[in-house]
Structure formats: C-alpha cells, structure tokens
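User: Please take one part of this structure and look at it closely, then place it within the rest of the chain. I would like the terms and cut-offs spelled out as you go.

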Amino acid sequence: MTGNIIGQLTFLTGYPLGTPDGVDEGTSMWSGNGRIQKNNVLTFDYDNDTTSGQSGAVYWQPNNIPIGCSTPCIIGTHANSFDPIISPPAWNQGPRITQEVFDELYFWRQYKTHQVFISFVSQ
C-alpha cells in the first residue's frame, strides 16, 4: 500500500452483537465509516465505531482512496476495540493486509479450504 493514508475514509463491515436498535444480535450486517488515525507497520488504528462481535470484520476503503484500487479494497480486519478506562488514549485497531498476509490468505483459499473440507466430509 502506498501513499499517506492518515485521515483517509474507511469502512468497517460486520455482524455486531450490539446493534443500535437492540434487535439484531449478530444476525444482520452493519457498516460504518471512520478515518485512519495511525499507520503502523502491521496494524492500523482507526476511529470507526465498533462493538462486540465485530472482531474479524473487514476494514476496507472505497475505490481509488488512496491506494488506487479500481474496486473497493480490503485493507485489514478488526481486532481490538478502544476502552477509555483501560487504555487511554487508544483507537480501535486491526491487522493490515500486507503482501505476506494476502499471500497466505490466497494460499488457504486455493489449497487448504479444499483439503479441510475433504477431511471434514470423510470423517
């Protein structure tokens, strides 16, 4: 990923347990936007609103903001939520999709998923 991404618009999309209406507890997809606050080597810090159940949700940017994708790009996954009592001043955080992570995910999708499925079905 190239360019300065601090302050860039991002979206976090997942299945939160605590929805504003209090009805859908992890059963419907929600998306909210925010901005990158800190760019670390392996993680991003961001101010997107998060809640329980969103760990592993994709963290993404619309096309051409700022990395030049022609379609929306997943740039990470949500992992840690800010807790003002325990760890001020922190932002929500998630691991970046680096080239190494992308290559591993691609490998899993191409090879491991099929093997795991075959193993599961044959048991």
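Analyst: Lys 38 has Asp 45, a residue of strand β3, as its bridge partner, and β3 is the part followed here. The model is a predicted one, in which local features need pLDDT of at least 70 and side-chain atom pairs count only at pLDDT 80 or more, while totals for chains, interfaces and linings use all residues. Residues are numbered from 1 along each chain as its sequence is written, and side-chain values use heavy atoms, with hydrogens and water left out.

Strand β3 covers residues 43–46 and is joined to β6 by four bridges, the two running antiparallel; helices and strands here are DSSP runs numbered from the N terminus, a helix (H or I) having at least four residues and a strand (E) at least two. On its other pairing, three bridges join β3 to strand β2 (residues 30–39), again antiparallel, where two strands count as paired if DSSP finds at least two bridges between them. β2 and β3 form a hairpin with three residues between them, and within it Asn 39 has Phe 44 as its bridge partner. Phe 44 also has a bridge partner in β6, namely Gly 94.

The side chains of β3 are divided between two directions, with Thr 43 and Asp 45 pointing one way and Phe 44 and Tyr 46 the other, yet all of them are buried; buried means under 20% relative accessible area, exposed means over 50%, and partly exposed lies in between, with a 1.4 Å probe and protein chains only. In a regular strand the side chains alternate between the two faces of the sheet. In the partner strand β6 (residues 92–95), Asn 92 and Gly 94 point to one face and are buried, whereas Gln 93 and Pro 95 point to the other face and are not buried.

Is Thr 43, in strand β3, buried or exposed? Because its relative accessibility is 18%, Thr 43 counts as buried. Leaving out residues up to four places away in sequence, Thr 43 touches Lys 38 as well as Gln 93, Gly 94, Pro 95 and Arg 96, a contact being heavy atoms within 4.5 Å. Its side chain makes a polar contact of 2.9 Å with the side chain of Asn 40, and a second one, of 3.5 Å, joins the side chains of Thr 43 and Gln 93; such a contact is a pair of N or O atoms within 3.5 Å, where within protein one atom must be able to donate a hydrogen and the other to accept it, and residues adjacent in sequence count only if both atoms are side-chain atoms. Further along the chain, Thr 98 is 55 residues away from Thr 43 in sequence, but their C-alpha atoms are 9.3 Å apart in space.

On the other face of β3, Phe 44 and Tyr 46 belong to the largest nonpolar core, which has eight residues in all and also includes Ile 5, Leu 12, Ile 36, Ala 57, Tyr 59 and Ile 75. A core of this kind is a set of buried Ala, Val, Leu, Ile, Met, Phe, Trp, Tyr and Cys residues joined through side-chain atoms within 4.5 Å. Among the members, Ala 57 is in contact with Leu 12, Thr 13, Gly 14, Gly 76, Thr 77 and His 78, its neighbours within four places in sequence being left aside.

After β3 the chain enters the loop that leads to β4 (58–61), and Asp 49 is found in that loop. Asp 49 is exposed because its relative accessible area is 70%. Beyond four places in sequence, Asp 49 touches Leu 12 and Gln 54, and its C-alpha lies 6.8 Å from that of Gly 32, a residue 17 positions away in sequence.

In the wider sheet, six strands are ordered β5-β4-β1-β2-β3-β6, open and with antiparallel pairing. β5 (73–77) and β6 stand at the edges with a single partner strand each, so one side of each is left without a neighbour in the sheet. The protein chain as a whole has one helix and six strands, in the order β-β-β-β-β-β-α from the N terminus, and buried residues make up 24% of its 123 residues.
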